[in-house]
Amino acid sequence: MRYLVTGQQAAEIDRYTINEIGVPQLVLMERASLAVAEAVEQLIRNKETERILVIAESGNNGGDGVAAARILHQRGYRVELRLLRGISRETEAYLKQLALAEQAGVSFSEGWVGWNESDEWEDAEKMLTELGSCRVIVDAIFGVGLTREVGGIQKEAVEAINEARKRSEDLVVVSVDIPTGISSESGQVLGCAVRADMTVTFGYEKIGMRFAKEHCGEVQVREIGFFLPVGFLDISFGGGRTCYTYDPDDIKGKLPRRSAEANKGSFGQVLVIAGSRDMSGAAYLAAEAAYRMGSGLVKVVTHETNRASLQQLLPEAILLTYPEPVTSEEFGKAFLASLSRASVVILGPGIGQSGTALWLVEAAMKLATCPVIADADALNLLSQHTEILEASAGVRPLILTPHMMEMARLVEKNPDPGREAVERLRENRLQIVEEMSEKYKAAVVLKDACTVVAADNIYLNSSGNAAMAKGGSGDVLTGVIAGLIAQGVPWTDAARLGVYIHGRAGDAARDRLGDYSVLARDLIDALPEVLVECSARS
């Protein structure tokens, strides 16, 4: 397990290490700079001919850059240092590092070529040619403490770095701690931001970097000697909840053991309420994923038109089908009996927005006594009927699995909140997810490029990739989580573990099929190999 921090928390860790533990600031800076220098060295193919340009401002992030330039110079690399001098305040550590760099003979210049007093470009092409001739540009302009929009000379530098990178395939941009212009809290772009190929960050990965993968590139987390403040994990993000992610070794041994004397009843029953008239795909994907995860029995409640296709696609599943509208007393009794026997209920994939769908959602939310995973159309219906959700809060374990638009609908209580609502969500997603988790006493799984799970704490997922961005992937996720719960994994643990395993299956499918051709069913096909990796014999 790795903890992730905000810029404010990083500053507190830094302060505690220096002031309370007694580690000198320059020692920490030297270690950080050495980490940057070593990362740059890995990128240089010919130290005698390839240029390195370090662009720095006059804060502590700039001090890291200046020190990295000195280390590289002393190791014989062709390094140049450009000091922007766009802010009036110079930190003491930066000035000390600058003095050391001057004594070591580092070549440096001040200001920005092409910049004049009227804040206009004089010779943009000259600057871009200079930047493009470098092998590596080190971005040491602003670090994790930035909270305002980037402007002025720093904005021009950021835009020039990005343009030079776009023009030159050979140029590599390395950011110090976090790309300039990225919020360490939310990952939002503060006006403009450097697009780095690599980010070397210190001690702990910053939360915002999880949501700014396009800007961070490869992330290297380097240990430099920080000490965590006493009680830090009790006071981290959101008034007491920690924020963390899994590494591959963290999930080994977390899968439930399968006794040699077990039978299908030992591994639970998943009830999948999914699909609508002539729409069987979502029901199939969720049901097969639950089976592949190890569930003992999977029962699917769906429209009667889906019977033949599901019997062919997944003959292992038990089916309970209904006509539309649902008027049969016989079906009602069978449905209630199915709810009473279930170990976990999947509710919503592909059920549509009809009156029948609403009836199914309301009945399941009121009558189920086991954990319920509400997904897809169930969430869209609940956003219009929040009284159902409110009445269910705390009655039974509840997992909500919205993607960004579905989450916006829930937050706004509006079936069509608009793209602006999604952007507002992106700006403050951790707090919103946490608040919804508390309000509905639920585990909230906010699906995105970096999926967030709020359940007693904040989990940011580290697995998965863009190849998974296909219809049906979310249906597979609900099946994965349900399969874990059916076998006895605590529901909040199942939410986090399921998200990670689902992403690992996506990684395995991508490795086999490439970035473009992965389908949702390929994730299911990859589950067995992922589960073998995760399981541990005892």
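**Figure 1. Aspartate 278 in the loop between strand E10 and helix H10.** In this predicted model, aspartate 278 counts as exposed, with a relative accessibility of 56%; the cut-off for this class is over 50%. The residue belongs to the loop that links strand E10 (269-273) and helix H10 (281-292). Its phi is positive, at about 60 degrees, although aspartate 278 is not a glycine. Most residues other than glycine have a negative phi.

**Figure 2. Strand E10 and its pairing with strand E11.** Five of the five residues of E10 are buried, so this strand is largely enclosed by the rest of the structure. Both of its faces are covered. Gln269, Leu271 and Ile273 are buried on one side of E10, and Val270 and Val272 are buried on the other. E10 runs parallel to strand E11 (residues 297-303), and five bridges join the two. Within this pair, leucine 297 of E11 stands opposite glutamine 269.

**Figure 3. The open sheet of seven strands.** The strands are arranged in the order E4-E3-E2-E5-E6-E7-E8, and their pairing is parallel. Strand E4 (107-110) and strand E8 (218-222) stand at the edges; each has a single partner strand, so one side of each is left without a neighbour in the sheet. From one strand to the next, the twist averages 20 degrees. At the E8 edge, strand E7 (residues 198-202) pairs with E8 in the parallel sense over five bridges. Valine 200 has glutamine 220 in E8 as its bridge partner. Strands of a sheet pair through backbone hydrogen bonds.

**Figure 4. Helix H3 across the strands.** Helix H3 (residues 60-74) lies across strand E2 (51-56), strand E3 (78-83), strand E5 (136-140), strand E6 (172-176) and E7. Relative to E3, the helix runs at about 155 degrees. These five strands also appear in the order of the open sheet, E4-E3-E2-E5-E6-E7-E8.

**Figure 5. The buried and exposed sides of helix H5.** Met127, Leu128, Glu130 and Leu131 are buried in helix H5 (residues 124-132). They cover an arc of only 160 degrees around the axis, which puts them on the same side of H5. An α-helix has 3.6 residues a turn, so residues three or four places apart point the same way. Lys126 and Thr129, on the other side of H5, are exposed. The cover over the buried residues of H5 includes E2, E3, E5 and helix H6 (152-167).

**Figure 6. Methionine 1 and its contacts.** Methionine 1 is placed in the segment before strand E1 (2-3). With a relative accessible area of 46%, methionine 1 is partly exposed. Leaving aside residues up to four places away in sequence, methionine 1 touches Tyr244, Thr245 and Asp250. Methionine 1 and tyrosine 244 are 243 residues apart in sequence, while their C-alpha atoms are 6.7 Å apart in space.

**Figure 7. Lysine 413 in the loop between helices H16 and H17.** This loop connects helix H16 (404-412) and helix H17 (419-427). Lysine 413 has a positive phi of about 55 degrees, although it is not a glycine. The residue is partly exposed, its relative accessible area being 42%.

**Figure 8. Arginine 429 in helix H18.** Arginine 429 is part of helix H18 (residues 429-440). It is buried, with a relative accessible area of 4%; the cut-off for buried is under 20%. Not counting residues up to four places away in sequence, arginine 429 touches Phe211, Met404, Leu446, Asp448 and Val452.

**Figure 9. The cis peptide bond before proline 325.** The peptide bond from glutamate 324 to proline 325 is cis, and its omega is near 0 degrees. Most peptide bonds are trans. Proline 325 lies in the loop between strand E12 (318-322) and helix H12 (329-341).

**Figure 10. The whole chain, as context for the close-up views.** The chain has 21 helices and 18 strands. Its radius of gyration is 27 Å, close to the 24 Å that the globule rule gives for 538 residues, so the chain is as compact as a globular protein of that length. Along the principal axes, the C-alpha atoms fill a box of roughly 90 × 50 × 40 Å. Of the 538 residues, 58% are buried. Among contacts between residues at least 6 apart in sequence, 73% join residues at least 24 apart.

Terms used
Residues are numbered from 1 along each chain as its sequence is written. This is a predicted model: local features need pLDDT of at least 70, side-chain atom pairs count only at pLDDT 80 or more; totals for chains, interfaces and linings use all residues. Side-chain values use heavy atoms; hydrogens and water are left out. Two strands pair if DSSP finds at least two bridges between them. Helices (H or I, at least four residues) and strands (E, at least two) are DSSP runs, numbered from the N terminus. Axes are lines fitted to C-alpha atoms, for helices over the stretch in contact, and angles run from 0 to 180 degrees between N-to-C directions. Contact means heavy atoms within 4.5 Å. Buried means under 20% relative accessible area, exposed over 50%, partly exposed in between (1.4 Å probe, protein chains only). The arc is that of the directions from the helix axis to the C-beta atoms. The radius of gyration is taken over C-alpha atoms; the globule rule is 2.2 Å times the number of residues to the power 0.38.
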